[in-house]
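Visitor: Could you pick one part of this model and take a close look at it with me? I'd like the cut-offs behind each term as we go, and then a walk outward to other places worth seeing.

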Amino acid sequence: MLWTVCVLCMTTLGLMFLLKKLNQPYLIAYIIAGILLGPHVLKLFTQPEEIEVVGEIGILLLMFFIGMEINIPNKKSLIIKPLLAQSIKIVLSLLFAYFIGKFLSLDYKSIVLIAMLFTFNSTAVVVEFLKKHGTIHTAFGIVILNILLLQDLLLAPALTVLKFWNGEKYNFFSFILPLAVCLAIFFIFRKIRHIREINFSYSFLENDHDLQVFLGLFICLGFGVLAEAIGMSAALGSFIAGVLVGKMKAFHWLEHSLLPFKVFFVSLFFVSIGLRMDIPYLISNYKLIVLGTIVVLISNSIMSAVFFRLLNFKWKDSLYGGALLSQTGEFGILALSIAYKTNIVEYELYKAGLGITCLSLLFSTIWISIGTIFKGHKNIINKDNVGAHFKHH
């Protein structure tokens, strides 16, 4: 195990140095490291599922940090626009999936699953680029973040549909409870959005780093577990915890204490994506996989650019936003895996979908870099007042 972890660190470090020179995000290094060390190349890791489970903690920590950094917007437009945008995207995804299904003669379940893949984007990839381009602290960045959070909310009904198709007994309560909790969260956020700080006694936490670390992890992961038990996504639960903690002065040390954990676990999540790449299948079906990846990137970009334009953003900003939301994300992989395990889709469609999803994550970073040619993010930075919506840490 020591040798395995050492080789993983060495491989990842070498790829990170290379990508730093090419001005590319480190997420690519993590995925490539997973491919190289996976069961089909160097065979250092033969059980991708083990790392996948640990890596999912990274997504919870990532959402927790986003919640700590963001301020709840006061403007209705920053809430209504994401709702309209995601609604438009769902309709366009269903239409596009319908035409793909008709062309490939797929059944309606496969068509709906393809629509789900188009619906979900990768929060980790998008947030990484928002931070890199300096747009995460702008009104445009808030709209995109809220779109991603709405997608997290949609995970619960998507999984309910898959369970229903699998023959599990439909439970009306399991559908109503997440909806009721979401409404409660909305009213709580509305109540605390004008509160600058929540006072809380924290003398017992001062100068006790060990206690701080484990309390922080417990808050982040505990909210995730609670949300998952209710029927929502664990990532959304961690985000809610981050929003609440970000309002408490007593927990301002959390960002410093948990940052190394976030970096490590997020990297493991993307390594697990690389490990799941079935290289022999990709090589034997490379035309289908490459064509599918190109279709996903272009169609998602066009659909996203269209709804940004319908929301009165300029075309260059809309095209940049379309590039950001071009990939299919980690929740799409989750839905695909559940559909395969419950015999909703066949093995071939599962492998093809997984390969296309993984490659879309890998190549979306290059696609987004191309999207920055439109210079939409520079316009947004000049146009919006950063301090009006976000607090500075």
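Guide: Happily! Buried means under 20% relative accessible area, exposed means over 50%, and partly exposed covers what lies in between, with a 1.4 Å probe and protein chains only. Helices (H or I, at least four residues) and strands (E, at least two) are DSSP runs numbered from the N terminus. This is a predicted model, where local features need pLDDT of at least 70, side-chain atom pairs count only at pLDDT 80 or more, and totals for chains, interfaces and linings use all residues. Numbering starts from 1 along each chain as its sequence is written, and side-chain values use heavy atoms, leaving out hydrogens and water.

Our part is helix H6, which spans residues 123-132 and is mostly covered, with seven of its ten residues buried. Those seven are Thr-123, Ala-124, Val-125, Val-126, Val-127, Phe-129 and Leu-130. At the N-terminal end, Ser-122 acts as a cap: one of its side-chain oxygens sits 3.3 Å from the backbone nitrogen of Val-125. After H6 comes Gly-134, with a positive phi near 70°.

Val-125 deserves a stop of its own. This residue of H6 has a relative accessibility of just 1%, so it counts as buried. Setting aside neighbours within four places in sequence, Val-125 is in contact (heavy atoms within 4.5 Å) with Leu-27, Phe-270, Gln-327, Leu-361, Ser-364 and Ile-368. Its C-alpha atom is also 8.5 Å from that of Gly-329, although 204 residues separate the two along the chain.

Leu-361 leads us to a helix pair. Helix H2 (residues 27-37) packs against helix H16 (residues 347-371) at an angle of about 150°, and their axes are 10 Å apart; the axes are lines fitted to C-alpha atoms over the stretch in contact, with angles from 0 to 180 degrees between N-to-C directions. H2 contributes Ile-28, Ile-31 and Ile-32 to this contact, while H16 contributes Leu-361, Leu-362 and Thr-365. Sorted by class, that makes five nonpolar residues, one polar and none charged.

Next, the aromatic rings. Rings of Phe, Tyr and Trp (its six-membered ring) pair if their centres lie within 6.5 Å, and planes under 30 degrees apart are stacked, over 60 edge-to-face, and the rest tilted. The model holds twelve aromatic pairs by this rule. In one of them, Phe-140 and Tyr-320 have ring centres 6.3 Å apart and planes at 25°, so the pair is stacked. It joins distant parts of the chain, since Phe-140 belongs to helix H7 (residues 139-165) and Tyr-320, 180 residues away, to helix H14. Both partners are buried. Tyr-340 and Tyr-347 make a tilted pair instead, at 5.8 Å between centres and 55° between planes. Here Tyr-340 counts as partly exposed because its relative accessibility is 29%, and Tyr-347 does too, at 38%. Phe-140 and Tyr-320 also belong to one aromatic cluster with Phe-307, Phe-308 and Phe-313.

Finally, two loops with a backbone detail to check. Most residues other than glycine have a negative phi. Asn-312, in the loop between helix H13 (286-310) and helix H14 (315-324), has a positive phi near 75°, and its 69% relative accessibility means that it counts as exposed. Ser-105 has a positive phi as well, about 60°, and lies in the loop between helix H4 (77-104) and helix H5 (108-119). At 66% relative accessibility, Ser-105 is likewise exposed.

Methods:
Polar contact = N/O pair within 3.5 Å; in protein donor to acceptor, adjacent residues only side chain to side chain. Nonpolar A, V, L, I, M, F, W, Y, C, P; charged D, E, K, R; others polar.
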